[in-house]
Amino acid sequence: MARGHPAVLSVAVLDALPSPTVLLDSDGIVLLTNRAWEAAVEMVDDDRIEAGSGIDYFATARRACGNAIGRRIVASLRALSRGERESVAMDYSVKHPIGARWYHLQASRVGEDGQVVVTHTDVTDRVQAEQVSVWRARHDDLTALPNRAALHELIDAELQRPDRPPVTVLLLDVDGFKDVNDSLGHEVGDDLLRQIAGRLVARTRSEDSVGRLGGDEFVVVCRNCDTAGGVALAERFQGIFDEPFDLDGRAARLTASIGVATARGGAPSGARPTELVRDADLAMDAAKRRGRSRLHVFSGDLRDAVQQKVRVAGELREAIEADQLVLHYQPILHLPTGRVHGVEALVRWQHPERGLLPPGDFIALAEVYDLIAPVTRWVLSAATRQATEWADQGLPLRVSVNVSAASLAAGTIADDVAEALAASGLPPERLVVELTETTVAEDPERAAAQFAAMRRSGVEVAIDDFGSGFSSLGQLVNIPAGILKIDRSLVAGAVDRRSESAAAIAAIVALAKAFGMRALAEGVETVEQLALTATLGCTFAQGYYIARPMPAGDLLSWLQDRSVIGVRDDGAARARRL
Ligand code: C2E
Ligand code: CA
Ligand code: CA
């Protein structure tokens, strides 16, 4: 093992080192090796690497590591040997038939005649772990596509190019993906996302990149591509949905909505990748609003609309505090007696500049901007106080309040109701809480639990807009509601007894009765509709024919002036003075 002169280092010292180690003379000839070196050389079984003393380490290094790295190792070790540097430390890889291995080489000079001791520590595990974590930080676990961070980097690199070609970003969102997840489970949903990813990759031009933002949103970065080119590509991507997908053994047809946004080429636009993706997202939202399987190209007015919404949401937040909300009340008629049984409280916003705004202008906004809970609390408080005031004036009306899906999801509605009743002193039987059919269908169990809690306290619960959504009739069995409000779209179609809508109303009334509920016809606009809904068995009616929603102050005089509207047994409407 030893050759020539006794080396400064003995074999025993080298053998104590755990890493493969060699002692070289100033020409790179191996003087000594340790046991770990011999074992390592034996194990890699590579004839480019020779064991034992007397061999030329420099030549071996060039053979094993390739010329470039080999030359760097040799040059560094020679410099070390000549005393031009203190030590050498570097990582290098050696290709083996079993895959690359990584080593950390560390060398120092020993003694006076330029001898060098070199240790080689196998760091393959550490390097591979680093490579995996670098990869994972930039890729999506589920589909192995570039993730949001990586996509932003890719787009940024395009935007920074000195020749400034146009870049188009497509944002693709699967229509109805939530339904797949909800009805078939997350595993099927995940599998669907992988199928889509596979098809997208297959359709992507080699110069473009496809990645996943998260959820069911995919992004394609189209390089050197203007809006027209992006639209053409987007149409091609919609083609991947022509073939059905395999959902747990079932073939299912799906569609996607695509938003298109372009950073124009030429002069630097200062556009940022996050902005480009957000523009594509706004365009995708606009596409969704127009239905399924649509394309939409971003334009500045989409961004203006968002800014406008943010501003209005800010104003609404202040409006709640500043008491700019008002309630109008629409009378509800009890058909068998012709008496006014109660009123529905409908919120409006007395906007300082824009006048009286209907709920359609701000309720959806309140839901998105987390303002629905304060709005609901305000409405509950104002409506229960008003009802108490009417009762004090000898008018014991029931008051109905609308509650949004978002309030139900927050799970605070039963508490808010209890608080409003306690503060106003209104008996619980005088309050009705209305929830839309779609709200109930979204999460029937949660709805059932909260309905039950409210009904236990004596508060009545109504299902609103019934017949406009698609909740299964079966779900109704488990929902403890007392009133079913038939959507005005059905009432509008009920022109005579033989119409389809009339048949649907009759079926809903029968269903309501079977579950112990009373039916209310909404949107009654004509005397004929009033008569028909009474004949079909509705207990209550509400609509412009009876009265439009009105300020609280108008209700007393309306009640005094009005005719009691009743229906004769033969179905003909009659009116008589109160
Ligand atoms: P909704 O609960 O179905 O309320 C009935 C809507 O129909 C009211 O519109 C009412 O003015 C209108 N309406 C009543 N009779 C007729 C009729 O004969 N013909 C027609 N065409 N329409 C009639 P409004 O006040 O604009 O309210 C719209 C929706 O806004 C309500 O629909 C309800 O979903 C929501 N909303 C109103 N107030 C509140 C509230 O305080 N909180 C929440 N979360 N939503 C509210
Ligand atoms: Ca309602
Ligand atoms: Ca309704």
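Four strands, β14 (339-351), β16 (398-403), β17 (431-436) and β19 (483-486), each supply at least two residues of the lining of the second largest cavity in this structure, which is a predicted model. Of these strands, β14 provides the largest share of that lining, with three residues. The lining comprises 13 residues, and those that lie nearest the centre of the cavity are I332, S400, V432, I483 and L520. By character, the lining residues divide into seven nonpolar, three polar and three charged. The space within the second largest cavity is about 90 Å³, and the model holds three cavities of 30 Å³ or more.

A second feature to examine is the site of the calcium ion (ligand 3). Its coordination involves D464 (OD), D465 (OD) and E522, the last through two OE entries, at 2.1 to 2.5 Å. Along the chain, the donors follow the spacing D-D-x56-E. The pair D465 and E522 links distant parts of the chain, 57 residues apart: D465 belongs to strand β18 (residues 460-466), whereas E522 lies in the loop between β20 (518-521) and α21 (527-535).

These two residues can also be described by their accessibility. E522 counts as buried because its relative accessibility is 11%, under the 20% cut-off. D465, with a relative accessible area of 24%, is partly exposed.

The calcium ion (ligand 3) is also connected to another metal site. The calcium ion (ligand 2) is 4.0 Å from the calcium ion (ligand 3), and D464 coordinates both.

How values were computed:
Residues numbered from 1 in each chain as written. Chains lettered and ligands numbered in written order. Predicted model: local features only at pLDDT ≥ 70, side-chain atom pairs only at ≥ 80, totals over all residues. Heavy atoms only, no water. 1 Å grid on protein atoms, 1.4 Å probe; cavity = no way out; pocket = protein on both sides within 12 Å on 5 of 7 lines; lining within 4 Å. Points joined across faces, edges and corners; volume = space filled by probe spheres on them. Nonpolar A, V, L, I, M, F, W, Y, C, P; charged D, E, K, R; others polar. Donors = N, O, S within 2.8 Å, 3.2 Å for Na, K, Ca; no water. Buried < 20%, exposed > 50% of the residue type's maximum accessible area, 1.4 Å probe, protein only.
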